[in-house]
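Open your viewer, load the model and get ready to click along. We'll go stop by stop, with something to select at each one.

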Amino acid sequence: MGGDMPLDFAFPLFVIQISVVLIISRTLCFLLRPFKQPRVVAEILTGILLGPAVVGQLFPSIPEKLLAPESRSLLETFANLGLIYWLFLVGIHLDLGSLLKKVGMKAVVISIAGTGPPCAASAAMYLFLREYTKTPIPDGPMVIFLGGVVLSVSSFPILARMITELKLLNSEAGNLALSSSIIVDIVMWAMLVVSGTLTSSKRTGMSTFWGLTCGVSFVMFLVFVVQPAIAWIVKRTPEGETMNEAYICLILVGVLACAFVADSIGLRASLGAFAFGVVIPPGPLANTVTEKVEDITTGLFLPLFFCVTGLRADMLKISTSEQWPLLVVLCVSATVKAAATWLVAVAYELTSRDGVLIALLMNTKGVLDIVMLNRLFEKKALSAGSYAVMVLTSVTLTAIISPATFFLFKRVTSFIPYKHRTVQREKMDSELRILSCVYNLRCVPTIINLLEASCSARRSPIYIYALRLVQLTGRASMLIVHTSNQQRGQAGRAQDENDRIITAFEKYHEASGIPVQALTSISPYSTMHEDICGLAEEKRIALIILPFHKQLAGAGTGAAGGGADASNASVRNVNHNVLATAPCSVGILVDRGLTGTMGLSSMHVSHHVALLFFGGPDDREALCYSARFVEHEGISLTIMRFIAGSVSKATTPVHDGMQQLLQDEEVEKEIDEEFLSQFRLKTVCDSSIMYNEAVIYNGEEMVAAIKAIESNHDLFIVGRNQKLWESPVTSGLTEWSECPELGPVGDLLASSDFTAASVLVIQQHQGRIDAAFNYSNQVKEFVGNAK
């Protein structure tokens, strides 16, 4: 090709096209990020900017050579391929069965309010303009379809991402908007199929019937043939092993095959890919396919689809004299939809703010409306001017709603005070709310036995939130609330790990009578701490219990374990982030097995618990939590207090900052003394509580004192107490520290030198109570009700 122009050949032209599109779209994403704009807005604006209305006016030669309609065939092919795989990913992560089970009457009514009134309003406005203004309206009855049906669409994927970023997954408004959008999207998919039939001039009554029959047959084939085949593939892969590459390739080819079949029978190719994704169950196969496909689909191919949409939307084709009736219909329809959803929300006794929030969220646009518009445009059922108006309306609505929703929610929540909660501040007769997090079934027995020990009597009740944490790559998080009567699995089929975890907590609830709410959080490790802390704040949790990032040999079996046999750095980062951002106290459980039997009532457990007390807020929090154990007939509590021996003080001048530090230490010591004296006074007659003191001078003496009682206890509770790193009593421990997030004593107990007992390291959340007398009054009230 020496001397030839590269742009005259398809592949070099495609490479330049895709490079220009990605560079501009990423730049716009970066520039619009402070304004809370979703990526779809930037990607459609990229196509509009590169089209004849902007670049075509400023640099006429560029569109003619680079993005002329006749040179976009390869670009449009890959754009449609990106849409097919993206909707497949949407379907693969849409657990349609469980989502529809959670849909209540409120969501159904809100979805009806978001579809029926806009359609009626667009039809009424069209008739009014035609009869009373005598205005010639292009596209005729299609204006009703555009203003009512297309505008009724609520983009579920974009809406789910917005709700996740706003931390609204646990709120009633967020759940209602998400459930309603699911119903609307399902209805609109059906409308998309119908519109494909109605807008085809070659369709007859018999051919339409034949097309619908083929569509139903296609869906039945997916459900009764493809879905069992995929279940067989999943069963052939042992748990914990990577999925066979041949199976992944088979799934990816299946996406294209379903898209081809759907297109051949008169449906949209993307609809076939979406349906194929829906029948793939969540689990290892879905996660593996997502990891393989998502990055290149969302990062490379999908921007091409939205860019092509923007290129097709030629703003120069918009004629004010012709398209103004459509604009009026669109504005009226959008207003009616927002008003109807707000009225329904308020009628169901939601607050006005939640009603406005739902009204805004239900007007979110994204992919499905664009797909429907492209379908109509390709079928010549929509003029270029009307198409451009609809694309511009979709982008404008999303561009307005996204920042407005963020502003509304953030503005209101910023003024809602949150009372920082700790175990120490909870009265003994008040309900203690605990959020227990688990990653797998292995640590469930220890967690349940620990929770059983936490509820000593009816007058010191607890409420447990059991949160199963599931790692998800590259998607917005999702919170699933499980009900006690929820069906899981089928008869004769082995339950997956998540079902067994939820079932274990439900059986514990049935045996003990302690209220338990089971939830599953599906999110990337990078944002998992946000879901944990958000749930803790919403549910007014006093203590979060997290599993240690190392799996220890024997853990969860009741046997003493040896060294660590598995370590997850991502889980460790989650623990770090929760410790730094939690709105309450946090405990990290090092699981070496905890004796006892799951399912027994809380008064029939048998544990020997040791509390190591060095002083400080974390140790006081650990003492308050341990105090809830003491009414158990089978639990004995040993309080081992370590006192630093006196050391010779250097004659170093004391400056103002050091003087203040010394004064703070004296105040802490006074609080500790008052705390312990009050506790001992109230529990002096309890034979199940032992109190020992040990004077130590260095780390070696501390290690020896702990080893002396190690074999007699199956659970150690200790405060995180980061200040001990600088204390003489821990001298010599910093050199071999492996897990400083546990504090010096917790790090020591979690090491391979100690293999007999589980360890619970507690960090108290520091609120605004600083005075010593406040702590003293609280502990008097706390231990006064303990016995």
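One term before we start: a residue is called buried when its relative accessible area is under 20%, exposed when that area is over 50%, and partly exposed in between, using a 1.4 Å probe and protein chains only. You'll also want to know what counts as a helix or a strand: helices (H or I, at least four residues) and strands (E, at least two) are DSSP runs, numbered from the N terminus.

This is a predicted model, where local features need pLDDT of at least 70 and side-chain atom pairs count only at pLDDT 80 or more, while totals for chains, interfaces and linings use all residues. Residues are numbered from 1 along each chain as its sequence is written, and side-chain values use heavy atoms, with hydrogens and water left out.

**The whole chain**

Start with everything in cartoon view. You're looking at 28 helices and 13 strands. The chain has 787 residues, and 53% of them count as buried. Now think about contacts, meaning heavy atoms within 4.5 Å. Of those between residues at least 6 apart in sequence, 83% join residues at least 24 apart.

**Stop 1: helix α26**

Select residues 699-710, which make up helix α26. The expected span of a helix is 1.5 Å times one less than its number of residues. For the 12 residues here that gives 16 Å, and the end C-alpha atoms are indeed 16 Å apart.

Which residues of α26 are buried? Show Gly-699, Met-702, Val-703, Ala-705, Ile-706, Ile-709 and Glu-710 as sticks to see them. Looking down the axis of α26, these buried residues fall within an arc of 165 degrees, so they line one face of the helix. (The arc is that of the directions from the helix axis to the C-beta atoms.) Turn to the other side of α26 and you'll find Glu-700 and Ala-708, both exposed.

What do the buried residues pack against? Add β9 (607-613), β10 (635-644), β11 (689-696), β12 (715-719) and α27 (743-749) to your selection: those are the partners.

**Stop 2: helix α8**

Next, select residues 116-132, helix α8. This one has 17 residues and reaches 24 Å from its first C-alpha to its last, close to the 24 Å expected. Pro-118, Ala-121, Ser-122, Met-125, Tyr-126 and Leu-129 are its buried residues. They cover an arc of only 130 degrees around the axis, which puts them on the same side of α8.

**Stop 3: three buried residues**

Click on Ser-180, in helix α11 (residues 172-198). Its relative accessibility is 0%, so Ser-180 counts as buried. Leaving out residues up to four places away in sequence, Ser-180 touches Ala-107, Ile-110, Ser-111 and Met-362. Try a distance label too: the C-alpha atoms of Ser-180 and Ile-112 are separated by 8.6 Å, though the two sit 68 residues apart along the chain.

Jump to His-529 in helix α22 (residues 525-538). His-529 is buried as well, with a relative accessible area of 12%. Not counting residues up to four places away in sequence, His-529 touches Val-574, Asn-577, Val-578 and Thr-581.

Then pick Thr-520, in strand β4 (residues 516-523). Thr-520 counts as buried at 2% relative accessibility. Draw a line from Thr-520 to Leu-469: C-alpha to C-alpha they are 6.1 Å apart, with their places 51 residues apart in sequence.

**Stop 4: two loops**

Select Lys-36, in the loop between α1 (10-32) and α2 (39-50). Lys-36 has a positive phi of about 60 degrees although it is not a glycine. Lys-36 is partly exposed, at 42% relative accessible area.

Glu-349 lies in the loop between α16 (320-347) and α17 (352-361). Glu-349 is not a glycine either, and has a positive phi of about 65 degrees. Buried or exposed? Glu-349 is exposed, with a relative accessible area of 76%.

**Last stop: the largest cavity**

A cavity here is a set of points, on a 1 Å grid over the protein atoms alone, where a 1.4 Å probe fits but cannot get out; lining residues have an atom within 4 Å of a point. Grid points are joined across faces, edges and corners, and a volume is the space filled by probe spheres set on the points.

How many cavities of 30 Å³ or more are there? A search of the whole structure finds 7. About 70 Å³ of space lies in the largest. To find the largest cavity, select Glu-76, Ala-79, Asn-80, Arg-268, Phe-305, Val-308, Thr-309, Arg-312, Asn-374 and Glu-378, which line it. The elements giving two or more residues to this lining are α5 (73-92), α15 (284-312) and α18 (368-378). The largest share, 4 residues, comes from α15.

Conventions. On a 1 Å grid over the protein atoms alone, a cavity is a set of points where a 1.4 Å probe fits but cannot get out, and a pocket is an open set with protein on both sides within 12 Å along at least five of seven lines; lining residues have an atom within 4 Å of a point.
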